[in-house]
Amino acid sequence: MNIFLPTSKRRGAALIVTVLISFILLSVLSLVAFNITVGTLRIEEWQTEHYEEQQLLFLARSGAAALGSQLKDTYGKGNTDKAISKSGTMDVTDAARGFAASLDLAVSADAYASYMKIKVTARGAGGKSVSATCRYGRDNGEIYGWDIK
């Protein structure tokens, strides 16, 4: 007697066993497909967040460099006798890419200091923020000592 080719006496029982085994296999395959889909969606979400964070970081560093080069003429070498403490806000939008951010700019320096401290915080539309702080040398006009948070 062959278990896989049932005789006419046990045809109903064999059909039930075949249906149950098929149901179990389909359930396992559905669970595997669901887990793969959830994992893929998590990876895509992480990649999107990472990309947005990198954009904000690039924007903050670029803002600090641009701010330092503009301040060179006003507060550069020879104008170190006064302390500096200035801040401001700037909005940046790129409609073509759907990107919008806000930059919080702050510059400070002690009197007779050889460097200025520049802090730029880039805030994205999704609530993420990245802060870049650097020192801008008054003597040579170079940026050094980056601190990224």
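Trainee: What does the accessible surface of the protein chain come to, and which share of it belongs to carbon and sulfur atoms?

Mentor: The structure is a predicted model, and every value discussed here is computed from it. The accessible surface of the protein chain is about 10900 Å², and carbon and sulfur atoms hold 58% of that area. Of the 149 residues in the protein chain, 24% are buried.

Trainee: Which pattern does the protein chain follow along the sequence?

Mentor: The pattern reads α-β-β-β-β-β, made up of 1 helix and 5 strands. Contacts add a view beyond the sequence order. Among contacts in the protein chain with a separation of 6 or more, 40% join residues 24 or more positions apart.

Trainee: How should I read the pairing of the strands, beginning with β1 and β2, and over how many bridges do these two pair?

Mentor: One considers the sense of the pairing, the number of bridges and the turn between the strands. Strand β1, residues 84-94, and strand β2, residues 99-109, are antiparallel partners over 11 bridges. Within that ladder, T89 faces D104 of β2. The hairpin has 4 residues between its strands, and G98 adopts a positive phi near 70°.

Trainee: Which residue has a positive phi in the turn between β3 and β4?

Mentor: That residue is G127, with a positive phi of about 95°, in a hairpin that places 4 residues between β3 and β4. The two strands pair in the antiparallel sense over 9 bridges, and A122 has V130 in β4 as a bridge partner. Strand β4 also pairs with β5, residues 143-148, in the antiparallel sense and over 4 bridges. There, A132 is opposite I148 of β5. The hairpin of β4 and β5 has 5 residues between the strands, with G141 at a positive phi near 70°.

Trainee: How many of the residues of β4 are buried?

Mentor: In β4, 7 of the 9 residues are buried, so the strand is mostly covered. One residue of this strand, which spans 129-137, is T133.

Trainee: Why does T133 count as buried?

Mentor: The cut-off for a buried residue is under 20% relative accessible area. T133 has 15% relative accessibility and therefore counts as buried. Apart from neighbours within four places in sequence, T133 contacts K117, I118, K119, G145, W146 and D147.

Trainee: Which residues have the most contacts inside the largest nonpolar core?

Mentor: They are L103, V107, M116, I118 and V120, in a core of 23 residues. At least two residues of this core come from each of α1, β1, β2, β3 and β4. Helix α1 gives the most, with 7 residues. V120 serves as an example of the packing: beyond residues up to four places away in sequence, V120 touches A60, G63, A64, L103, D104, L105, V130, S131 and A132.

Trainee: Where is F23 placed, and is this residue buried or exposed?

Mentor: F23 belongs to helix α1, residues 11-75, and counts as exposed because its relative accessibility is 55%. F23, I24, V28, V32 and I36 make a nonpolar surface patch of about 490 Å².

Trainee: How many salt bridges are counted, and which residue pairs with E53?

Mentor: Side chains of opposite charge can pair when their charged atoms come close. The count here is 4 salt bridges. E53 pairs with K128, with 3.9 Å between the closest N and O atoms. This pair links distant parts of the chain, since E53 is in helix α1 and K128 in the loop between β3 and β4, 75 residues apart. Both ends are partly exposed: E53 has 33% relative accessibility, and K128 has a relative accessible area of 31%.

Trainee: Which parts does the salt bridge of D104 and R123 tie together?

Mentor: The side chains of D104 and R123 meet at 2.9 Å, N to O. D104 lies in strand β2 and R123 in strand β3, so the pair ties together parts 19 residues apart in sequence. D104 is partly exposed at 22% relative accessible area, and R123 is partly exposed at 39% relative accessibility. A further salt bridge joins R97 and D94 at 3.1 Å, N to O. In that pair R97 counts as exposed, at 68% relative accessibility, whereas D94 is partly exposed, with a relative accessible area of 26%.

Notes. Residues numbered from 1 in each chain as written. Predicted model: local features only at pLDDT ≥ 70, side-chain atom pairs only at ≥ 80, totals over all residues. Heavy atoms only, no water. Pairing = 2+ DSSP bridges. Patch = residues over 30% accessible without salt bridge, like charges linked within 9 Å, V, L, I, M, F, W, Y side chains within 5 Å. Areas by Shrake-Rupley, 256 points an atom, 1.4 Å probe, with all protein chains shown as cover. Buried < 20%, exposed > 50% of the residue type's maximum accessible area, 1.4 Å probe, protein only. Contact = heavy atoms within 4.5 Å. Core = buried A, V, L, I, M, F, W, Y, C linked by side-chain atoms within 4.5 Å.
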